[in-house]
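Please look over the sequence and the structure shown below before reading on. The report that follows takes up a few residues and then turns to the chain as a whole.

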Amino acid sequence: MIPLIGLLAGVVLGLLFQPDVPVELRPYLPIAVVAAIDALFGGVRARLDGIFDDRVFVISFLSNVVVAALLVFLGDQLGVGSQLSTAVVVVLGIRIFSNTAAIRRHIFKA
């Protein structure tokens with residue numbers, strides 16, 4: 001219940017205050033969001049498999065976001081930012097769809 005309350009509070013605060021993302025950080029935001037979604041679906045899958053650990057989830061969530069942002073930053077420094085961003089999104093997208101398929105199989109037994 002606490003995570004749901006935190007999510008709702010975050011959405012309401014975001015809608016009320018409409019924070020601006022600094023221009024320097026804008027290229028990293030979509031990658032961070034995709035990495036966070038990957039961790040979220042991984043957590044749901046682990047919960048359904050009965051192996052969820054909150055410490056592992058938090059570390060996975062934070063490390064996914066940081067590593068994805070660092071890869072995009074490295075790509076920007078090397079002059080291949082868009083290609084590396086695409087690679088990160090493809091890899092994380094594959095993981096998201098894989099976790100979604102496992103969740104679907106667990107819920108619908110199909």
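## Where R95 sits

In which helix is the place of R95? The place of R95 is in helix α4, and it should be said at once that the model in which this is seen is a predicted one. R95 counts as partly exposed, because its relative accessibility is 41%, a value that falls between the limits of 20% for buried and 50% for exposed.

Leaving aside the neighbours within four places in sequence, R95 is in contact with D38 and N64. The chain also brings R95 and I37 to a C-alpha separation of 9.9 Å, although these two residues are 58 residues apart along the chain.

## The overall fold

The protein has four helices and zero strands, so that a reader who follows the sequence meets the pattern α-α-α-α. Along its principal axes, the C-alpha trace spans about 45 × 35 × 25 Å. Of the contacts between residues at least 6 apart in sequence, 74% join residues that are at least 24 apart.

Buried residues make up 21% of the 110 residues in the protein. The protein exposes about 8,100 Å², and carbon and sulfur atoms supply 74% of this area. The protein carries 8 positive and 7 negative charges, and the mean positions of these two groups are 13 Å apart.

## The largest nonpolar core

Which residues make up the largest nonpolar core? There are seven in all, namely Y28, I31, A35, A68, V72, V88 and L92. Helices α2, α3 (54-78) and α4 each supply at least two residues of this core. In soluble globular proteins, nonpolar side chains tend to be buried together.

A68 illustrates how members of the core meet, since, leaving aside its neighbours within four places in sequence, A68 is in contact with I31, A35, V88 and L92. S85 does not appear in the list of core residues, yet, with neighbours within four places in sequence left aside, S85 is in contact with I31 and V72. The place of S85 is in helix α4 (residues 81-108), and S85 counts as buried because its relative accessibility is 17%, which is under the limit of 20%.

## Two more buried positions

A32 lies in helix α2 and is buried, with a relative accessible area of 17%. The C-alpha atoms of A32 and A69 are 6.3 Å apart in space, while the two residues are 37 residues apart in sequence.

Is N99 buried or exposed? N99, which lies in helix α4, is buried, because its relative accessible area is 9%. When the neighbours within four places in sequence are left aside, N99 is in contact with D38, F41, G42 and R45. D38 has already been mentioned, as a residue in contact with R95.

## An aromatic cluster

How many aromatic pairs does a search of the whole structure find? The search finds two aromatic pairs. One of them is formed by F52 and F57, whose rings are tilted, with 5.8 Å from centre to centre and 45 degrees between the planes. The other is formed by F57 and F61, which are also tilted, with 6.0 Å from centre to centre and 40 degrees between the planes.

F57 and F61 both lie in helix α3, where they are four residues apart, or about one turn of the helix. F52, F57 and F61 form one aromatic cluster. Each of these residues counts as partly exposed, because the relative accessibility is 35% for F52, 24% for F57 and 30% for F61.

## An exposed residue in a loop

Q18 is found in the loop between α1 (2-17) and α2 (29-49). The phi angle of Q18 is near 40 degrees, which is a positive value in a residue other than glycine. Q18 is exposed, because its relative accessible area is 60%, and the limit for counting a residue as exposed is over 50%.

Notes
Residues numbered from 1 in each chain as written. Predicted model: local features only at pLDDT ≥ 70, side-chain atom pairs only at ≥ 80, totals over all residues. Heavy atoms only, no water. Buried < 20%, exposed > 50% of the residue type's maximum accessible area, 1.4 Å probe, protein only. Contact = heavy atoms within 4.5 Å. Areas by Shrake-Rupley, 256 points an atom, 1.4 Å probe, with all protein chains shown as cover. Lys, Arg positive; Asp, Glu negative; His and termini not counted. Charge placed at Lys NZ, Arg CZ, Asp CG, Glu CD. Core = buried A, V, L, I, M, F, W, Y, C linked by side-chain atoms within 4.5 Å. Phe/Tyr/Trp six-rings, centres within 6.5 Å; stacked < 30°, edge-to-face > 60°.
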